[in-house]
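The exercises below are meant to be worked with the sequence and the coordinates open side by side. Each task is followed by a solution that proceeds step by step.

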Amino acid sequence: MAPRIRAAMGLALLVALAATVCDARRELSMMKVMPRAVYTQTNDPAGNQIVAIMFNASSGMLVGNMTTRTPTGGMGAAGLGANGQPVTADGLFSQGAVAVSGSWLLAVNGGSNTLSLFRISDSDPTSLMLVGSPVDTLGDFPVSVTYSAKCKTACVLNGGKRDGVSCFAVSATGLKPLDASPRPVGLGQSANPPTGPPSTASMIAFNPKGDILAVTIKGNLNDNRLGYIGLYRVSKTGMVSRTQTRAYSIFTSQP
């Protein structure tokens, strides 16, 4: 190969590498400045709110003076402890009361038995817009919610007297029920709000592939009730089975 040709090819390779490095640096720079937020909820019985706190991706710190509160349109609630009084911490006895996926945010309202859907602003992640109206979860005391982007479906775990799993189609117009009634999980709660933490619902989640929906339920030593993980298959069309497979735990909660 002639020296001039080799030199030309080498120069072209260097230009291509330089462009690739520039693109990579640009992407890293965008990742560092892209606005992000952390979300939680107040679970206030007088009116539930989503609390959004700006997150500095460069420092890894929360920006406390950049916080917003957005009403969910529903009410929070607290379960009862062994003394019959509302608990002051972890009022829902659960994890996953707020779920975020892409531009969607979902939140349970334990006091009004509803589920709220929000759209997150692309430019300001602390700015939330309520989509449609909160929908009835078909049960009592919803405690946890999950969303499958693959199925465009949200499912909520009810932890009260009418317990169970209910699912909803998610769209730009809001939430649409996919079930006529919840899939019971057998908590055995006799009133609302429920008494716990034993015999209460903990969490609901889709697996990464979106073909399994799982719930976790606490047991109760006093009632000889075992805690378990319940699994539901999800069809290729996104429909969640009403048949549950259980894996029981030898460890249970007690007062």
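Contact, as the word is used in these exercises, means heavy atoms within 4.5 Å. The model is a predicted one.

**Exercise 1.** Determine which residues are in contact with Ser 144, once its neighbours within four places in sequence are left aside, and describe the setting of this serine.

*Solution.* Begin with the secondary structure, where Ser 144 lies in strand S9, which covers residues 142–148. Next, consider accessibility: the relative value for Ser 144 is 0%, and because buried means under 20% relative accessible area, Ser 144 counts as buried. With the neighbours within four places in sequence set aside, the contacts of Ser 144 are Gln 95, Gly 96, Ala 97, Val 108, Cys 155, Val 156, Leu 157, Ser 202, Met 203 and Ile 204. One of these partners, Gln 95, offers its backbone oxygen, which the side chain of Ser 144 reaches at 2.8 Å. Finally, compare sequence with space: Val 98 is 46 residues from Ser 144 along the chain, while their C-alpha atoms are 7.2 Å apart.

**Exercise 2.** Cys 155 is among the contacts of Ser 144; establish which cysteine it is joined to by a disulfide, and work out the handedness of that bond.

*Solution.* The first step is to count, and the structure holds one disulfide. This disulfide joins Cys 155 to Cys 167, with an S to S distance of 2.1 Å. The pair links distant parts of the chain, since Cys 155 belongs to strand S10 (residues 153–158) and Cys 167 to strand S11 (residues 164–171), 12 residues apart. The torsion about the S-S bond of Cys 155 and Cys 167 is about 105 degrees, and the disulfide is therefore right-handed. As for accessibility, Cys 155 is buried at 0%, and Cys 167 likewise counts as buried at 1%. Cys 151, by contrast, is in no disulfide, the nearest cysteine sulfur being that of Cys 155 at 8.4 Å; with 17% relative accessibility, Cys 151 also counts as buried.

**Exercise 3.** Work out the strand order of the open sheet formed by four strands, and identify its edge strands.

*Solution.* The order is S13-S14-S15-S16, with antiparallel pairing. The edges are strand S13 (201–206) and strand S16 (245–248), each of which pairs on one side only. On average, and with direction ignored, neighbouring strands of this sheet are turned by 20 degrees against each other. Looking at one pairing in detail, S13 and strand S14 (residues 212–217) run antiparallel over five bridges, and Phe 206 has Leu 213 in S14 as its bridge partner.

Terms used: Residues are numbered from 1 along each chain as its sequence is written. This is a predicted model: local features need pLDDT of at least 70, side-chain atom pairs count only at pLDDT 80 or more; totals for chains, interfaces and linings use all residues. Side-chain values use heavy atoms; hydrogens and water are left out. A disulfide is a pair of cysteine sulfur atoms within 2.5 Å. Helices (H or I, at least four residues) and strands (E, at least two) are DSSP runs, numbered from the N terminus. Buried means under 20% relative accessible area, exposed over 50%, partly exposed in between (1.4 Å probe, protein chains only). A polar contact is a pair of N or O atoms within 3.5 Å; within protein, one must be able to donate a hydrogen and the other to accept it, and residues adjacent in sequence count only if both atoms are side-chain atoms. Two strands pair if DSSP finds at least two bridges between them. Axes are lines fitted to C-alpha atoms, for helices over the stretch in contact, and angles run from 0 to 180 degrees between N-to-C directions.
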